[in-house]
Amino acid sequence: MTTVDVETPRSPRRAERSGRGINLEKWGWIYMRASGVVLVVLIFGHLFVNLVAGEGVKAIDFAFVAGKWADPFWVVWDTLLLWLALIHGANGMRTIVNDYASNELLRRIFKGALVVSTVVLLILGTLVIYTFDPCPDVSADQLELLPSFCGVGA
Amino acid sequence: MSEKSAGTVSAPQPDKKYPLPKLSAPKMPRGTLYRGNTGMWSWVLHRITGVAIFFFLLVHILDTALVRVSPEAYNAVINQYKTPIMGLGELGLVVAIGFHALNGLRIILIDFWSVGPRYHKLMFVVVILLWIVLLVGFTPRHLMHVFGG
C-alpha cells in the first residue's frame with residue numbers, strides 16, 4: 001500500500017515569522033488611525049479658515065496665501081496637512097488596489113504610480129511651502145496682486 | 001484495519017430530560033460587523049468618499065503649487081473655485097470629508113474602545129446626525145459666499 005505524505009494542514013505560509021522584523025501592515029493600520037485623528041483637526045481647521053470664515057472661498061487669492069504663510073503657525077499646519085493627508089490617502093488607495101486589482105502586473109503598475117505620484121507631490125508641496133516668496137518680482141500691472149505688506153500692493 | 005482505532009461513539013439518543021434542540025437555518029445570515037447592514041454601508045461610503053477626497057487632494061496640491069509660478073497664474077486658477085459649478089463641487093467635497101472624518105472616528109472607537117463593537121450601530125446613527133448638523137451649518141454659509149448673498 002502506498003502512503004501519501006500530507007503536509008501539516010493550516011500551517012502559516014511563511015514560517016519565518018519569529019517575532020523579529022517590522023510588520024509593515026500593522027504599522028500602516030496604526031498610521032491610518034493615528035494620522036486620521038490629527039487630520040480631522042487639521043482639515044476641519046483648514047476648511048473653516050478657507051471656506052467659512054470671512055468671505056469664504058471668494059477671499060482666496062495669492063495675497064491670502066501670502067498672508068497665511070507669513071505666520072509660521074500656518075506653515076507648520078499646511079506642512080503637516082500635506083504629509084499626513086497625502087500618505088493617508090495613498091495608503092488607503094493601496095488598500096483598494098490590493099482589494100480590487102486581481103491582475104499581478106496591473107497591481108504593480110497601480111502601486112508604482114501611487115508611490116511615484118506621492119513622492120513627487122510631497123517634494124513639490126514641501127518645496128512650494130518653504131521656497132515661497134510673498135513678494136516676487138512682477139510686472140507693474142500685477143503689483144496689485146501682491147499682499148499689502150510688500151509695500152507696493154493695493 | 002488501522003490499529004489506531006478511535007473506538008465507537010454511540011449517537012446521542014433523544015430523551016425526555018435532554019430533548020434534541022430544534023435547529024433551523026436562518027432565512028438571512030445574521031449581520032456581522034461588516035456584512036449586510038450599517039457596518040457594510042458605512043464601509044462602502046468610507047471607500048467612495050476616500051477615493052474622491054484622494055483625487056481632489058492630488059489636484060489641490062498642484063493648484064496650490066502655482067503660487068510658486070506667479071500671482072497671476074495662481075489667481076487665474078483659484079478663481080475657477082469661485083464659480084457656481086465648482087462651488088457646488090466644494091459642497092460635495094465637504095459632504096465627503098465630513099462623512100469620512102466622522103466615520104473614521106467611529107472606526108477608531110470600534111477598534112480601540114472596549115465596548116466599541118457593541119455600539120457600532122448606535123455610533124453610525126450618531127455619525128449621520130453629526131454629519132447632518134455639520135452640513136446644515138456649512139451649506140447655507142458656503143452657498144451665500146459662492147452665489148453672493
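This passage describes the fold of chains A and B, the contact between them and their salt bridges in a predicted model.

Chain A contains four helices and zero strands, and its elements follow the pattern α-α-α-α along the sequence. Of its 154 residues, 34% count as buried. The exposed area of chain A is about 10200 Å², with carbon and sulfur atoms supplying 65% of it. When contacts in chain A between residues at least 6 apart in sequence are considered, 63% join residues at least 24 apart.

Chain B likewise has four helices and zero strands, arranged along the sequence as α-α-α-α. Its length is 149 residues, and buried residues make up 34% of them. Chain B exposes about 10100 Å², of which 70% is supplied by carbon and sulfur atoms. For contacts in chain B between residues at least 6 apart in sequence, the share that joins residues at least 24 apart is 61%.

The two chains meet in an interface where 38 residues of chain B are in contact with 44 residues of chain A. The area buried between chain B and chain A is about 3500 Å², and carbon and sulfur atoms give 75% of this area. One helix pairing across the interface involves helix α1 (residues 24-52) of chain A and helix α4 (residues 120-147) of chain B, which pack at an angle of about 30° with their axes 11 Å apart. From α1(A), the contact is made by A:Phe44, A:Leu51 and A:Val52, and from α4(B) by B:Leu134, B:Phe138, B:Arg141, B:His142 and B:His145. By residue class, the contact of α1(A) with α4(B) comprises five nonpolar residues, two polar residues and one charged residue.

Side chains of opposite charge can pair when their charged atoms come close. Over all chains, the count comes to five salt bridges, and two salt bridges are counted between chain B and chain A. In one salt bridge, B:Asp111 pairs with A:Arg33 at an N to O distance of 2.5 Å. This pair crosses between chains, with B:Asp111 in helix α3 (residues 84-112) of chain B and A:Arg33 in helix α1 of chain A. The two partners differ in accessibility: B:Asp111 is partly exposed, with a relative accessible area of 33%, whereas A:Arg33 is buried, with a relative accessible area of 15%. The value for A:Arg33 falls under the 20% limit for a buried residue. Another salt bridge joins B:Arg47 to A:Asp99, and here the closest N and O atoms are 2.5 Å apart.

Within chain A, A:Glu104, A:Arg107 and A:Arg108 are linked in a network of salt bridges. The side chains of A:Glu104 and A:Arg107 meet at 2.8 Å, N to O. These two residues are separated by about one helical turn because they lie three residues apart in helix α4 (residues 104-130) of chain A. A:Glu104 also forms a salt bridge with A:Arg108, at an N to O distance of 3.1 Å. A:Arg108 and A:Glu104 are four residues apart in helix α4 of chain A, about one turn of the helix. A:Glu104 is partly exposed, with a relative accessible area of 43%, while A:Arg108 is exposed, with a relative accessible area of 61%. The value for A:Arg108 is over the 50% limit, so A:Arg108 is classed as exposed.

Key. Residues are numbered from 1 along each chain as its sequence is written. Chains are lettered from A and ligands numbered from 1 in the order in which they are written. This is a predicted model: local features need pLDDT of at least 70, side-chain atom pairs count only at pLDDT 80 or more; totals for chains, interfaces and linings use all residues. Side-chain values use heavy atoms; hydrogens and water are left out. Axes are lines fitted to C-alpha atoms, for helices over the stretch in contact, and angles run from 0 to 180 degrees between N-to-C directions. Contact means heavy atoms within 4.5 Å. Ala, Val, Leu, Ile, Met, Phe, Trp, Tyr, Cys and Pro count as nonpolar, Asp, Glu, Lys and Arg as charged, and the others, Gly among them, as polar. Buried means under 20% relative accessible area, exposed over 50%, partly exposed in between (1.4 Å probe, protein chains only). Accessible areas come from the Shrake-Rupley method with a 1.4 Å probe; for residues, only the protein chains shown count as cover. Buried area is the accessible area (1.4 Å probe) that two parts lose on being put together, summed over both. A salt bridge is a side-chain nitrogen of Lys or Arg within 4 Å of a carboxyl oxygen of Asp or Glu.
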